[in-house]
Amino acid sequence: MAKEDILNTLADAVVDGDDELAEEFAQKALDEELDAYEAIVDGLARGMKIISDMYERGEAFVPSLLLAADAMYAGMDILTPYMKVDGTAAPKNVIIGTVEGDVHDIGKNLVKTMMTAAGFNMIDLGCDVPLDKFAETAKEKKAAAISMSTLMTTTMGGMETVIEQLQEEGIRDSLIVMVGGAPISQTFADSVGADGTALDASAAVETLTSLVSELPSDSWSDSAIAASKMKYKEVLAQKSGKEKVDIGRITAEKIIAEFDSVVPKFNETMTKAERFGAAFQDKKVDRLPVAPLACGVSRKFVPCSYVDYSTKAEKYADCVEAGIKYFNMDTFVGLTDLCVDAADFGATIRYPEEDTPAATGHLEDYEKLEVPELKEGTRAYNLIQGNKLATEKAHALDAPMTALIEGPMVALTQIMGATRVLSDLRTNPDVVLKALDKTTVYVEEIMKGMFEEAQPDNLCMVNLWTNNVILSADEYMKSEGQVMQNRIAPLYKKYNKPVVIHNCADAPHWELINKWNTEYYSYTFYPDEAGKGSKDHKYLINNYGKETMFGGEVSPIVFLDNSPEGLQKMKADTIALQESVLNTLKENGMQSKYMISTGCEVPPGAPCDSITAQTYTVAEKGPELYKKIIG
Ligand code: B1M
């Protein structure tokens with residue numbers, strides 16, 4: 001067989017995620033005496049690049065990438081032992097992981113795959129990696145680079161800590177440090193002293209390859225380490241003087257102190273419940289409602305720890321009450337974390353203080369999943385009791401309560417691990433769908449408990465796998481989509497409750513939202529992702545506004561900035577957003593069906609005054625703007 005045909009088949013096998021074909025042609029390459037390195041680079045790795053480029057163009061989805069990676073690794077297992085390794089060409093060790101506090105690992109896995117394809121020897125520490133593990137492993141493996149990912153603003157700081165540890169150990173200049181993930185910018189990378197960052201997995205490889213090529217060959221020598229220790233001594237001494245402050249608590253105390261002189265003075269003529277109810281039906285209001293997803297942050301008013309907020313009904317209810325009152329929100333959307341079902345199914349959950357809890361120890365076997373009994377002692381029971389108490393407290397403040405639970409697919413990915421579920425959905429759909437049935441049964445039980453016992457005004461469900469960068473609309477409809485349509489939406493109807501969906505993904509398949517008559521939809525808008533399907537209020541109101549009330553738009557990340565300029569910007573942006581929403585509503589012959597909010601939770605360690613900069617501005621300026629535009 002011609003060399004070109006073997007290389008092309010290897011590439012095709014990866015693009016199609018066909019591991020058997022990849023193995024067969026890897027063996028054929030050896031039998032025909034092709035160079036193993038060439039077969040990897042011009043065959044397998046080229047296939048990975050093709051599918052990765054298709055993903056970037058929105059022509060392929062995450063399951064395809066994960067299966068392509070499996071096929072590539074299958075072929076590499078056969079070829080790698082035959083690679084001719086001389087001293088200079090030995091693959092360089094790269095330590096990779098998602099930093100402590102963050103369990104997002106899909107992107108990190110893709111970066112790892114592309115780096116493997118480029119010939120690096122990847123040492124994968126996984127996700128939620130304790131920070132000192134990076135320096136420790138780098139030293140042990142004399143690594144050429146560390147590749148750190150994070151998808152959350154709350155855990156970005158960990159990257160700087162890792163770099164400081166490298167400086168302390170004197171090995172900062174022995175290796176390249178790359179940082180990446182959705183919130184990471186070049187400015188951030190520079191500010192923490194990283195060598196580079198990149199927007200996506202392919203670009204990460206290019207940057208890493210070029211940076212590593214500039215590393216001096218003696219970077220791990222004793223003299224280099226001693227020189228590096230001296231170099232960073234001064235920098236570290238200056239940093240160690242910095243004190244860590246609880247900005248959430250400090251700002252909460254200030255808001256509590258000023259509350260009586262600020263909030264009662266707003267020119268509001270409707271109660272929160274009247275305003276939210278009227279907006280939901282697109283009736284006239286005194287101003288647009290406002291309710292950022294400031295859930296975990298609200299505990300700073302009480303104050304209480306995150307683990308208590310998540311697992312103690314009374315504490316949760318106290319935080320809801322404080323959030324509604326001090327933030328002056330028109331409803332509280334009660335997200336504790338997304339691990340309630342996973343904990344009850346037996347997964348291990350980590351409850352850190354300033355981060356959102358995460359499922360870390362996933363279960364092994366789909367077949368062994370057993371639907372838990374919803375009884376005292378389970379997290380679901382606690383959530384229902386918490387929402388019962390919270391609803392009473394919210395009503396005492398004339399505010400409606402919105403409880404929140406994980407949808408069946410979020411629950412399953414939290415139990416089994418997302419990367420695994422997303423690829424098994426392609427290769428073993430029956431097993432995944434059976435497991436999905438079990439999480440659906442539990443979700444149905446929780447819904448009943450919420451509707452019958454807690455009786456919040458609304459029940460919001462997290463459906464984030466409709467994200468158009470992860471699953472195609474078809475694939476979503478074959479899994480959670482059909483469950484939503486056939487079981488969950490009818491249950492909402494049975495209890496005469498509106499279907500309320502939260503999707504913190506930046507670009508869901510919008511056309512699906514009407515399939516199960518969604519009446520409220522919480523979304524995030526990322527202007528940078530507009531080309532990839534992230535949509536703003538204008539598009540959403542114009543296309544779906546009559547049927548669905550939207551809420552969101554503002555990225556939760558902007559709430560981290562409580563510098564004077566940041567707060568000023570938040571106020572100005574809030575006025576501009578209200579004006580634009582009101583004008584769009586008017587153009588569509590509507591009056592109020594929209595809620596100013598964040599599309600995802602404000603990080604639990606964020607300042608509170610950036611939130612009041614939004615909510616108080618709506619209360620203060622909203623009535624005047626409403627009158628001017630709607631009349
Ligand atoms: Co979460 N989540 N999530 N989530 N989630 C985000 C990240 C969020 C942006 C949503 C939003 O606000 N719109 C938001 C973070 C906001 C913030 O920064 N404050 C968020 C939140 C808040 C949360 C929770 C806190 C929710 C809650 O419980 N309150 C919670 C966190 C738990 C924890 O970690 N402690 C949580 C949980 C989850 C799930 C577990 C349900 C799930 C993750 C499952 C998993 O990964 N195992 C999940 C998901 C799926 C998302 C979204 C929807 C998608 C992320 C993703 O996989 N994208 C995300 C919103 C969105 O739509 N963007 C969101 C696809 C992936 C291929 O892209 O990872 O960006 P990405 O990787 C890219 C690039 O970034 C780059 O290359 C990759 C491939 O091209 N890249 C690098 C990555 N690493 C790089 C390294 C480099 C260079 C480039 O150099 C070293």
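A polar contact is a pair of N or O atoms within 3.5 Å. The exercises below apply this cut-off to a predicted model.

**Exercise 1. The ligand and its polar partners**

Task: Determine which residues are the closest to the ligand, and how far its nitrogen and oxygen atoms lie from polar atoms of His104, Ser149 and Ala201.

Solution: Begin with the shell, in which 48 residues surround the ligand, the closest being Val103, His104, Asp105, Ser149 and Cys504. Turn next to the nitrogen atoms of the ligand: one is 2.8 Å from an N or O atom in the side chain of His104, and a nitrogen atom of the ligand is likewise found 2.8 Å from an N or O atom in the side chain of Ser149. For oxygen, an atom of the ligand is 3.4 Å from a polar backbone atom of Ala201. The elements that give two or more residues to this shell are helix H3 (36-56), helix H5 (106-117), strand S3 (145-149), strand S4 (176-180) and helix H9 (201-213), and of the contributors H5 gives the most, with four residues.

**Exercise 2. The cobalt atom and the make-up of the shell**

Task: Identify the protein donor to the cobalt atom of the ligand, place that residue in the secondary structure, and describe the shell by residue class and by domain.

Solution: The cobalt atom has a single donor from the protein, namely NE2 of His104, at 2.2 Å. His104 itself is located in the loop between strand S1 (93-98) and H5. Sorting the residues around the ligand by class gives 29 nonpolar, 12 polar and seven charged. By domain, at least three residues of the shell come from each of domain 2 (84-238) and domain 3 (267-628).

**Exercise 3. The domains of the chain**

Task: State how the chain is divided, and describe how domain 1 and domain 2 are placed relative to each other.

Solution: The division is into domain 1 (1-83), domain 2 (84-238) and domain 3 (267-628). Between domain 1 and domain 2, the C-alpha centres lie 27 Å apart. To their contact, domain 1 brings 16 residues and domain 2 brings 11 residues.

**Exercise 4. Two residues of domain 3 with polar side chains**

Task: For Ser522 and Thr548, decide whether each is buried or exposed, and list the polar contacts of their side chains.

Solution: Ser522 belongs to strand S11 (residues 518-524). Because its relative accessible area is 6%, under the 20% limit, Ser522 counts as buried. Its side chain is joined to that of His502 by a polar contact of 2.7 Å, and, once neighbours within four places in sequence are set aside, Ser522 is in contact with Leu293, Ile501, His502, Asn503, Gly551, Thr598 and Gly599.

Thr548 sits in the loop between helix H21 (537-544) and S12. With a relative accessible area of 0%, Thr548 is also buried. Its side chain makes a polar contact of 3.5 Å with the side chain of Asn514, while a polar atom of the Thr548 side chain lies 2.9 Å from the backbone oxygen of Thr518. Not counting residues up to four places away in sequence, Thr548 touches Asn514, Thr518, Glu519, Tyr520, Tyr521 and Lys593.

**Exercise 5. The packing of helix H12**

Task: Name the buried residues of H12, and find the elements against which they pack.

Solution: Within helix H12 (residues 272-280), the buried positions are Lys272, Arg275, Phe276, Ala278, Ala279 and Phe280. These residues pack against helix H14 (313-327), strand S9 (458-462), S11, strand S12 (549-554) and strand S13 (594-598). Just after H12, the backbone of Asp282 takes a positive phi of about 60°.

**Exercise 6. Glu160 and Ile171**

Task: Classify Glu160 and Ile171 by accessibility, and give the contacts of each residue.

Solution: Glu160 is part of helix H7 (residues 157-169). Its relative accessibility is 23%, and Glu160 therefore counts as partly exposed. Apart from neighbours within four places in sequence, Glu160 is in contact with Val192 and Lys239. The C-alpha atoms of Glu160 and Leu208, which are 48 residues apart along the chain, are separated by 19 Å.

Ile171 occupies the loop between H7 and S4. At a relative accessible area of 1%, Ile171 is buried. Leaving aside neighbours within four places in sequence, its contacts are Ala135, Lys139, Leu166, Trp220, Ile225 and Ser228. For Ile171 and Asn328, 157 residues apart along the chain, the C-alpha separation is 50 Å.

Methods. Residues are numbered from 1 along each chain as its sequence is written. This is a predicted model: local features need pLDDT of at least 70, side-chain atom pairs count only at pLDDT 80 or more; totals for chains, interfaces and linings use all residues. Side-chain values use heavy atoms; hydrogens and water are left out. A residue is near a molecule or strand if one of its heavy atoms lies within 4 Å of it. A polar contact is a pair of N or O atoms within 3.5 Å; within protein, one must be able to donate a hydrogen and the other to accept it, and residues adjacent in sequence count only if both atoms are side-chain atoms. Ala, Val, Leu, Ile, Met, Phe, Trp, Tyr, Cys and Pro count as nonpolar, Asp, Glu, Lys and Arg as charged, and the others, Gly among them, as polar. Domain bounds come from an automatic or database domain assignment. Donors are N, O and S atoms within 2.8 Å of the metal (3.2 Å for Na, K and Ca); water is not among the atoms, so sites may look incomplete. Buried means under 20% relative accessible area, exposed over 50%, partly exposed in between (1.4 Å probe, protein chains only). Contact means heavy atoms within 4.5 Å.
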